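Visitor: Could you show me the model, and then explain how each descriptive word is justified?

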Amino acid sequence: MHTSRLFVSLAGLTLLVAACNKSEAPNAQPEQPALVPTQAPAQPQGAVAESIKPLAQKKFGQPVTETKTTALTDLTKEPAKFAEQTVRTEGVVSAVCKSMGCWMEIADTTGKAHIKMAGHSFFVPRDSSGHRAVIQGKVLTPEADKGVCGADDGCGQGGSAKLAQVNIEATGIEFID
């Protein structure tokens, strides 16, 4: 019997609290519906959702003086055609040497190029991945590229130069974003 009185008391208290919460003040605003998060637009495959930090410096090495841009697509399709030539090309930085900034890779939807800094005369920021870059440099023949950056120069991070479709020894790099 004691249990049933306790139950009735708790039930009454619950109803009283519920009734108090239901009463609205005359100037009360109607309850806003909960916001449903919308789905973010799809990111391109391989894109990074985090924001890219602005670079303090945008130009490295010698000035880019070539006026004609050779599409990365053309370089990756026929690297032998451009061997030993100085070219200007551009792409988005997809990887960078984390030890020194002595190499980087640029890519687009058609392929990628491994870029090493000519004679380690300059280095790019190690956090430049995701930035768009213009590169001026000499397209290396497979024979001339025996010493891929990182392989035997103490860099320690050779990247995927052996997987890149074209290797370029850069004399100048400009970040354009």
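Visitor: What makes Lys138 count as partly exposed?

Guide: The relative accessibility of Lys138 is 30%, and the term covers whatever lies between buried, under 20%, and exposed, over 50%, with a 1.4 Å probe and protein chains only. Since 30% falls between those two limits, Lys138 is called partly exposed.

Visitor: What kind of model is this, and which parts of it count?

Guide: This is a predicted model, in which local features need pLDDT of at least 70 and side-chain atom pairs count only at pLDDT 80 or more, while totals for chains, interfaces and linings use all residues. Residues are numbered from 1 along each chain as its sequence is written, and side-chain values use heavy atoms, with hydrogens and water left out.

Visitor: How do you know that Lys138 and Glu84 form a salt bridge?

Guide: The N to O distance between their side chains is 3.4 Å, and a salt bridge asks for a side-chain nitrogen of Lys or Arg within 4 Å of a carboxyl oxygen of Asp or Glu, so the pair qualifies. The two partners are 54 residues apart, with Lys138 in strand S5 and Glu84 in the loop between helix H3 (79-82) and strand S2. Glu84, with a relative accessible area of 42%, is partly exposed.

Visitor: How many salt bridges are there in the structure?

Guide: The structure holds 3 of them. One of these joins Glu90 to Arg132, whose closest N and O atoms are 3.2 Å apart, and it links strand S2, where Glu90 sits, with strand S5, where Arg132 sits, across 42 residues. Glu90 has a relative accessible area of 23% and Arg132 one of 33%, and therefore both are called partly exposed.

Visitor: Is Glu105, which meets Lys112 in a salt bridge, buried or exposed?

Guide: Glu105 is buried, because its relative accessibility is 3%. Its partner Lys112 has a relative accessible area of 22% and is partly exposed. The N to O distance in this salt bridge is 3.9 Å.

Visitor: How are the helices and strands arranged along the chain?

Guide: The chain has 3 helices and 6 strands, which are DSSP runs numbered from the N terminus, helices being H or I with at least four residues and strands being E with at least two. Read along the sequence, they follow the pattern α-β-α-α-β-β-β-β-β.

Visitor: Which residues have the most contacts inside the largest nonpolar core?

Guide: They are Met104, Ile115, Ile135, Ile173 and Phe175, in a core of 23 residues. Such a core is a set of buried Ala, Val, Leu, Ile, Met, Phe, Trp, Tyr and Cys residues joined through side-chain atoms within 4.5 Å. Helix H2 (72-77) and the strands S2 (86-96), S3 (103-108), S4 (111-117), S5 (132-139) and S6 (166-175) each supply at least two residues of this core, and the largest share, 5 residues, comes from S6.

Visitor: Why is Ile115 called buried?

Guide: Ile115 has a relative accessible area of 0%, and that is why it is called buried. Ile115 is found in strand S4, and, leaving aside residues up to four places away in sequence, it touches Cys102, Trp103, Met104, Ile106, Ile135, Ile168, Ala170 and Ile173, where contact means heavy atoms within 4.5 Å. Ile115 and Ile173 are 58 residues apart in sequence, with their C-alpha atoms 9.9 Å apart in space. Ile135, with the same neighbours in sequence left out, touches residues including Val87, Thr89, Met104 and Gly172.

Visitor: What makes Phe60 and Phe175 an edge-to-face pair?

Guide: A search of the whole structure finds 1 aromatic pair, and in it the rings of Phe60 and Phe175 lie 5.8 Å centre to centre, with 85 degrees between the planes. Rings of Phe, Tyr and Trp (its six-membered ring) pair if their centres lie within 6.5 Å, and planes under 30 degrees apart count as stacked, over 60 as edge-to-face and the rest as tilted. The pair is therefore edge-to-face. Phe60 belongs to strand S1 (residues 59-61) and Phe175 to strand S6, 115 residues apart, and both are buried.

Visitor: How much of the chain is buried?

Guide: Buried residues make up 33% of the 177 residues in the chain.
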